[in-house]
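Here are some notes for a first look at this structure. Please keep the sequence and the 3D view open while reading them.

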Amino acid sequence: MATATLHANEAHAHGHDHEHEHHEPGFIRKYIFSEDHKTIAKQYLITGIIWAFFGGALSIIFRLQLGFPDLNLDWLKPVLGEWIVEGKLEKEFYLALVTMHGTIMVFFVLTAGLSGTFSNFLIPLQIGARDMASGFLNMLSYWFFFLSSVIMFTSLFLETGPASGGWVIYPPLSALPQAMPGSGLGMTMWLMSMTFFIVSSLLGGINYICTVINLRTRGMSFTKLPLTIWAFFFTAVLGLLSFPVLLSAALLLIFDRSFGTSFYLSEIYIGGEALPNVGGSAILYQHLFWFLGHPEVYIVLLPALGITSEVIATNARKPIFGYRAMIGSMMGITVLAFIVWAHHMFVTGMNPFLGSVFMLLTLIIAVPSAVKAFNYITTLWKGNIIFTPGMLFSIGLVSLFISGGVTGIILGNSALDINLHDTYFVVAHFHLVMGAASFFGLLAGVYHWFPKMFGRMMNKTLGYIHFWLTFAGVYSVFFPMHYIGIAGFPRRYYSFTALANNAQDSFADLNAFISIAAIITFSAQAIFAFNFFYSIFKGKKATQNPWNSTTLEWTTPVIVGHGNWPGEIPAVYRWPYDYSKPGAAVDFIPQNVPFSATPESNLPEETEEIENEKEIDGLLDTQNSVYSH
Amino acid sequence: MTYLIGLLSVVFLVLAFMIVSKSMALSKGIKGEEDSSIPLDGANNSNAVGFLIFLVLGSIAAAWSFLASQPDFLPEAASEHGIKTDNMFWITMGIITFVFFLTNALLFVFAFLYRYKKNNVATFYPVNHKLEIAWTIVPAIVMASLVFSGLKVWNEITAQAPADAVVIEVTGHQFGWYVRYAGNDDNKLGNQNYKLIDDTNQIGIDFSDENSFDDFTANELHLPKGVPVLLKIKAQDVLHSVYLPYQRVKMDAVPGMPTKFWFKATKSTEDMRAELGKSDFNYKLNCTEICGRGHFGMAITVFVDEPEDFKAWVAQQKPFLAQNPDYLTKVPEKLKAKAQKYIPVEAPAAESDSTEAGAGATASLRR
């Protein structure tokens, strides 16, 4: 009898081994064309980090121009070559830098680098799945992104320069090569690159949604999902519904550029000739673009907020305050994100009535955002806070989210937007609320899940230095920028010499200060890069659950293998935020601990749930059968 | 002056360094003493204090830098609607500044107060519906009041221009602005067509429309003070945007889609010169929609004149047709008689040399 059982167990174990052997890939399949979600996540992360340094460096170059207009830039000639003319940045190249900085940061760093990394890494690990619903599509998703990156990167080296019409590439400027050199081949490559990028995003998004819906482990109901997963889920929904619209906008632009159509072009006289195009609408493009463009803000922001929820709860040793309100507000943001796009277009000549509708909707979206901020603050209240680097960046995120968010109330008001539209006030606003805040979310996530990714710890002290420099730096860069906006300085200006009242002189010092702060902040990121790459190889070995966290990813081995759990996938019995529960001996109870094992800390309604545990356990076979084929 | 801001921030960074270096020293000493299962090091208290210091220094820096920059903000609006939007801007600013300080203060103070203490246990406090309802409703009410005051002003600004408004056409092109006035006789702009653009007729004025006979062009924008002005905004090549910072006017110029903005200027150039104490001050019309390499320099000078001065200036201007009599050939036969009255007698249209006329027009535009 005993032998038989043993034998059966062996057979079972063997079955698993067999499955693992079957999947044990060679170097190329393991590290390059990998279908393992963890490897793909790391690919996204490292590509994202490289892009972030690149995008940051571009901004430093144009900040030099803005902060020190008289500076001789000949020393940049070895890098920029012909783009430096007589010690000055070429005016068109300035616009190219602005455009590429925006494109790279918004799409390649904060969409692919953030959502791509953490959705891929955390969804299977936190919901208790062996991998994504389709590993192959997931792999394709990364490689489409890679292809898109290569094309965009190549466009930087064109003689006519990369796309230069701003990251929003409004036609006709972007449609007519005679309008600026960047609208030639550079623009074509931008459009190609973005097309592949959209394909990549869609492949990723479909996968995230399928995985969250279908592959949750037994007991993991939607109301037991960590807020990270909720955030990634909503992000994927947003992307899936809005990216196709950007694709259509891009396709129509390609048609206008290459096949003589007039979707966006009408009555144009340029370069000494009248073009034949009539009947198109340049505003149509803006509607299509912002139908993606605004949800994109939340595509960038929601994952960061999800990460923050998780990190703050863990390190405050408290449940996140208002779990359901958090989900509700994210849901509200997701829905509203689709019906506020035209607040980017108040002064485009759009029907003013439409402007009032969008103003109303825009200010409504401030409410769920405010709820989220209040909930984060309340989560800290009466906590027992441990300031890990991840926690510092999460608190920093909340601060930036508030500081950047409140000015949205001004810009969302169409009457006030008239004067502030396309000034530095807007630049300051969105850099704080979506740029810096999301970037802080990315960093918080890296510090927090690095042990799970690489089995080693990042150096904390370097993390603290990195945080304080970045936090003070980001505020020093973007806070004073509001003043320049209030003073009416338009954005995307090479210099401010044409403004009334010699305005460029009054803010010359401030512009120089911003540039210096930007350089310091950017340099401080080297500390992170060093810490990151050094710790991958030489970091202190991690323990299984270094932050004493409750979610499922910390039940996997320190070095997570293919399939994530060597044995059965754990079942889930409780919500993810049982921190510092009264009566419990330790200050955290992982999600896979049944209520029947913790009678001392159960709330009355939780004692009732003990009955359901058998039912959850009974689902094991069904769950295994999903993975057996 | 703003160097002080820089100084403050340097202080900031130095402090950050100090905190961290102190924490490094502490962490070396304390390592191993604490419960090793808690991911804690000696820097925890320093980081908590760091947030408090950040709050105090940050608030001082924010308040001081604002006061220091304030003199360089745009002065009070020089248009009727601008005064309203300015008021609303500063009221909204007051509200959000309050919220900004309150929430950031709570965030940082909580971070400091509830830092890890041994034997302390966090309060298990997952939900409070009353609180949540409260902070859903309060922002909603504040937002609603802002929305409705905003809507009121927005509707006023975007309402139909008064019938007696002075109509001025502003056309953006790479990289400048063409200005066309409706003329001395009919106060109506004639038709315009992009296919009629040539080196002289740079706006493409259509002379088959009799309203265009008295239209004149200018390369600076003159506006009457205290009289409604309707800007009809066009673009020739790519998107541009009309921006009159002092008048708080902004509207995109879109090829193929005329836009408009009407307003009433309340301060003449002289008024603003007196207010700023700068005798050489001039208003500008800038471009705020990226349009190519010359985007940043795409500006013309704007003069806001007393109504009588404006009238005098208008009366002095010669219609485009008068300056370029050879365009008489573009006028249809039946309207020739009407057009003839704008043609100077000494220069019969048919015989005039077109290149000479072209040069004359350019000169007039550069006047």
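1. Start with F450(A). Setting aside neighbours within four places in sequence, F450(A) is in contact with G445(A), G455(A), R456(A), M457(A), M458(A), F532(A), S535(A) and I536(A). Please bear in mind that this is a predicted model.

2. Where does F450(A) sit? Its place is helix α14 of chain A, which covers residues 424-454. F450(A) has 0% relative accessibility, so it counts as buried. The cut-off for buried is under 20%. For a sense of distance, look across to S242(A). These two residues are 208 apart along the chain, and 31 Å separates their C-alpha atoms.

3. Next, the aromatic rings. How many aromatic pairs are there over all chains? The count comes to 102. Take W51(A) and F108(A). Their ring centres are 5.0 Å apart and their planes meet at 45°, so this pair is tilted. The pair links distant parts of the chain, 57 residues apart. W51(A) belongs to helix α3 (residues 37-67) of chain A, and F108(A) to helix α5 (residues 91-127) of chain A. Both W51(A) and F108(A) are buried.

4. A second pair is Y447(A) with F528(A). The geometry here is edge-to-face, with 5.8 Å from centre to centre and 70° between the planes. This pair also links distant parts of the chain: Y447(A) is in helix α14 of chain A, F528(A) is in helix α18 (residues 508-538) of chain A, and their positions lie 81 residues apart in the numbering. Y447(A) is buried, as is F528(A).

5. Now turn to N44(B). This residue is in helix α2 of chain B, residues 43-69. Is N44(B) buried or exposed? At 4% relative accessibility, N44(B) counts as buried. Beyond four places in sequence, N44(B) touches I385(A), I386(A) and F387(A), together with R115(B) and Y116(B). A polar atom of the N44(B) side chain lies 2.6 Å from the backbone nitrogen of F387(A).

6. R115(B), one of the residues touched by N44(B), deserves its own look. R115(B) lies over the face of F112(B), 4.5 Å from the ring centre. K250(B) lies over the face of Y243(B), at 4.1 Å from the ring centre.

7. Last, Q340(B). Its place is in helix α8 of chain B, residues 336-340. Q340(B) counts as partly exposed because its relative accessibility is 40%. Q340(B) and L328(B) are 12 residues apart in sequence, and their C-alpha atoms are 7.7 Å apart in space.

Technical notes:
Residues are numbered from 1 along each chain as its sequence is written. Chains are lettered from A and ligands numbered from 1 in the order in which they are written. This is a predicted model: local features need pLDDT of at least 70, side-chain atom pairs count only at pLDDT 80 or more; totals for chains, interfaces and linings use all residues. Side-chain values use heavy atoms; hydrogens and water are left out. Helices (H or I, at least four residues) and strands (E, at least two) are DSSP runs, numbered from the N terminus. Buried means under 20% relative accessible area, exposed over 50%, partly exposed in between (1.4 Å probe, protein chains only). A polar contact is a pair of N or O atoms within 3.5 Å; within protein, one must be able to donate a hydrogen and the other to accept it, and residues adjacent in sequence count only if both atoms are side-chain atoms. Contact means heavy atoms within 4.5 Å. Rings of Phe, Tyr and Trp (its six-membered ring) pair if their centres lie within 6.5 Å; planes under 30 degrees apart count as stacked, over 60 as edge-to-face and the rest as tilted. A charge sits over a ring if NZ of Lys or CZ of Arg is within 6 Å of the ring centre and within 35 degrees of the ring normal.
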